[in-house]
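Here are my comments on the model you sent, set out as numbered points for you to compare with the coordinates.

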Amino acid sequence: MLLLFSIAWLCPISAQDLPTLLSDFVSSTGRTNRESILLEITEHHPEAGPALLKIARETKDTDTRWLAIRGIGWLKYKDAAPFLRESLHSRSKYVRANSATALGEVHDVSALADLIHTLAVDDDSGVLEQTSMALQILDAKEAIPVLKAKSDNPSPQTRLWIIGAIEALGSKDVPFFAAFLFDKNEVVAAYAAHAIERITMEDFGFPHCGETGGPCGFGYGIDNAQRWWNTHKRNSAQQQQLPRPLPD
């Protein structure tokens with residue numbers, strides 16, 4: 001009896017079988033509990049993509065659908081891509097947002113046009129954030145003009161996600177980032193200043209502290225960046241007004 005107990009203690013408890021987890025996922029209530037079940041499904045059952053797609057297609061419950069779509073993205077189940085593209089047109093903002101993320105995670109480059117269209121026509125902040133992230137994952141440089149057009153979103157967080165995606169996609173458009181130096185939200189303004197630092201190799205004097213020497217606080221960094229831009233802009237305007245030399 002003691003030997004059996006010792007063996008049982010040494011052997012890890014196996015994860016639940018997939019049908020049981022899927023049944024619990026569909027029937028459970030409470031988002032936190034369902035997210036926990038979904039995490040166990042995706043961690044222990046990489047073969048669960050087809051089952052999650054079936055659930056997402058057939059369920060009448062919106063929360064079940066977008067959570068299943070999230071799991072599809074985590075599993076990078078590429079066969080779900082056509083369904084995910086269709087789901088970008090869902091009436092649910094959660095379905096649209098998670099479908100956009102999943103399209104990036106399954107690396108469906110054929111969805112670029114659909115994602116750019118979603119970015120252009122959708123007004124929900126969460127959808128815009130997740131779509132910008134998906135476009136960033138897919139390295140969609142062709143999306144930069146539309147990202148710029150949506151960068152004036154009322155939500156500071158969404159502005160931050162969008163200008164972050166624009167920088168990550170390789171834009172070196174200093175005047176574009178400089179416009180955000182005067183943003184009402186300090187975090188957005190600071191990000192714009194750091195983006196300009198990375199592009200131009202300027203140093204606006206943001207404080208660095210800690211063992212890693214990373215940025216901590218804003219100090220006078222934003223003010224310095226604003227002054228730099230105002231001076232840079234004046235100098236550029238003066239250069240444009242100088243008479244051009246006559247040809248020989």
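**Notes on the predicted model**

1. I begin with Glu 186, which lies in helix H13 of what is a predicted model. Setting aside residues up to four places away in sequence, Glu 186 touches Phe 218 and Ile 222. With the second of these partners, Ile 222, the separation is 36 residues in sequence, while the C-alpha to C-alpha distance is 8.1 Å.

2. Helix H13, which spans residues 186-200, also contributes to the largest nonpolar core, supplying seven residues, the largest share. That core has 66 residues in total, and Phe 25, Leu 84 and Leu 115 are the ones with the most contacts inside it.

3. Leu 84 deserves a separate look: once neighbours within four places in sequence are left aside, Leu 84 is in contact with Ile 69, Ile 72, Ala 102, Leu 103 and Val 106, and also with Ser 99.

4. How are helices H3 and H5 arranged where they pack? Helix H3 (residues 31-44) and helix H5 (residues 62-75) have axes 10 Å apart, at an angle of about 30 degrees; because angles under 35 degrees count as roughly parallel, H3 and H5 are described as roughly parallel to each other. The crossing in which H3 passes H5 is right-handed.

5. On the H3 side of this contact are Arg 31, Arg 34, Glu 35, Leu 38, Leu 39 and Thr 42, which meet Asp 63, Thr 64, Trp 66, Leu 67, Arg 70, Gly 71, Trp 74 and Leu 75 in H5. Sorted by class, the contact of H3 with H5 comprises six nonpolar, three polar and five charged residues.

Note on methods:
Residues numbered from 1 in each chain as written. Predicted model: local features only at pLDDT ≥ 70, side-chain atom pairs only at ≥ 80, totals over all residues. Heavy atoms only, no water. Core = buried A, V, L, I, M, F, W, Y, C linked by side-chain atoms within 4.5 Å. Buried < 20%, exposed > 50% of the residue type's maximum accessible area, 1.4 Å probe, protein only. Helix = DSSP H or I, 4+ residues; strand = E, 2+ residues; numbered from the N terminus. Contact = heavy atoms within 4.5 Å. Axes fitted to C-alpha atoms, helices over the stretch in contact; angles between N-to-C directions. Parallel < 35°, antiparallel > 145°, perpendicular 65-115°, else oblique. Left-handed = near helix turned anticlockwise from the far one by under 90°. Nonpolar A, V, L, I, M, F, W, Y, C, P; charged D, E, K, R; others polar.
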